[in-house]
Amino acid sequence: MQAMIFAAGLGTRLKPLTDTMPKALVKVDGRPLLEHTIMRLRDAGAERIVINVHHFANQIVDYLRSNDNFGLDIRVSDETDALLDTGGGIKKAADMFDSTSPVLIHNVDILSNIDLRRFYDAGSQADATLLVSSRATTRYLLFAKDGSRRLKGWTNVETGEIRSPHSNLSPDTCDMYAFSGIHLFSPRLFSCFNAMPSKFGIVDFYLKYCAVKRIEAYVKDDLLLMDVGKIDTLAEADAFAARLNAGR
């Protein structure tokens, strides 16, 4: 099992903490966000983890070294020259992965109750599997109602914008789910990166290829998830992380 943690973000919503440290090292329930994510992946069976870095990259490298990489094969994808966004981050790190196994992609600032091992095993046959739920948001991914749960497009319900490779797609004909920031990516898709720029979003990539590749939803209706993105929600994040850890 292999994984990638997106840890390169600037963490602007967590200022002033991120004026002196990367978002990945901001502590929640007494431990850095990065450690929470690494430990959950290790508990799920991950042996190789690639972590992309940009903002205060050396602090993350030093933190990993001081903890002996938590006993794992951890590799750092250095984006200090330029942030590459989520899709570009995977593209740059592609050579660091075993080409025969899916890669579990996890944002460093996401806390959830998902069973990562079960998710990994369930989605291993698709080209990509996206963890989604029915929670309220303004932007939704659109999936086929035919039982395949294949990705069809994306919509912003506030603006009415729709993006899809399928002409005249209507959200009314699809199942609408919110994306979690956790997904499974097959190395079979690496060849598609040749047609992409160095910097791009992974959702843009999925929307570009969903008509010809098997990109599916993994729906967890009882998903508990928190995006630790704002300084004024850190106390709430502490309680959320403590509750998740107590239930493990």
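Biologist: What relative accessible area does Asp-73 have in this model?
Modeller: Keep in mind that the model is a predicted one. Partly exposed residues lie between the cut-offs of 20% and 50%. Asp-73 is partly exposed because its relative accessible area falls in that range, at 30%.

Biologist: Which residue meets the side chain of Asp-73 in a salt bridge?
Modeller: Side chains of opposite charge can pair when their charged atoms come close. For Asp-73, the N to O distance in the bridge is 3.0 Å. The partner is partly exposed, with a relative accessible area of 30%. The residue you are looking for is Arg-75.

Biologist: Now to Lys-145 and Asp-175: how many residues apart in sequence are the parts that this pair ties together?
Modeller: The two residues form a salt bridge, and their closest N and O atoms are 3.0 Å apart. Lys-145 sits in the loop between S9 and strand S10 (151–156), while Asp-175 belongs to strand S12, so the bridge links parts whose separation in sequence is 30 residues.

Biologist: Which strand holds Arg-163, the residue that pairs with Asp-204?
Modeller: In this salt bridge the closest N and O atoms are 2.5 Å apart. Asp-204 lies in helix H5, and the pair ties together parts 41 residues apart in sequence, because Arg-163 is found in strand S11.

Biologist: Is Arg-163 buried, partly exposed or exposed?
Modeller: Its partner Asp-204 is partly exposed, with a relative accessible area of 35%. Arg-163 has a relative accessibility of 30%, so it counts as partly exposed.

Biologist: Which residues are joined into one network by salt bridges that share partners?
Modeller: We have already met the bridge between Asp-73 and Arg-75. The network is made up of Arg-48, Asp-73 and Arg-75.

Biologist: Let's turn to empty space. Which residues are closest to the centre of the largest pocket?
Modeller: Rolling a probe the size of a water molecule over the atoms shows where empty space is left. The largest pocket holds about 1400 Å³ of space. It is lined by 42 residues, and those closest to the centre are Thr-86, Asn-107, Arg-139, Gly-181 and Asp-227.

Biologist: Which element gives the largest share of that lining?
Modeller: Elements that give two or more residues include helix H3 (85–93), helix H5 (202–209) and strand S14 (225–227). The largest share of the lining is 6 residues, and it comes from S12.

Biologist: And how many of the lining residues are nonpolar?
Modeller: Sorting the lining of the largest pocket by residue type gives 10 charged and 12 polar residues. The nonpolar residues number 20.

Conventions: Residues numbered from 1 in each chain as written. Predicted model: local features only at pLDDT ≥ 70, side-chain atom pairs only at ≥ 80, totals over all residues. Heavy atoms only, no water. 1 Å grid on protein atoms, 1.4 Å probe; cavity = no way out; pocket = protein on both sides within 12 Å on 5 of 7 lines; lining within 4 Å. Points joined across faces, edges and corners; volume = space filled by probe spheres on them. Helix = DSSP H or I, 4+ residues; strand = E, 2+ residues; numbered from the N terminus. Nonpolar A, V, L, I, M, F, W, Y, C, P; charged D, E, K, R; others polar. Salt bridge = Lys/Arg side-chain N within 4 Å of Asp/Glu carboxyl O. Buried < 20%, exposed > 50% of the residue type's maximum accessible area, 1.4 Å probe, protein only.
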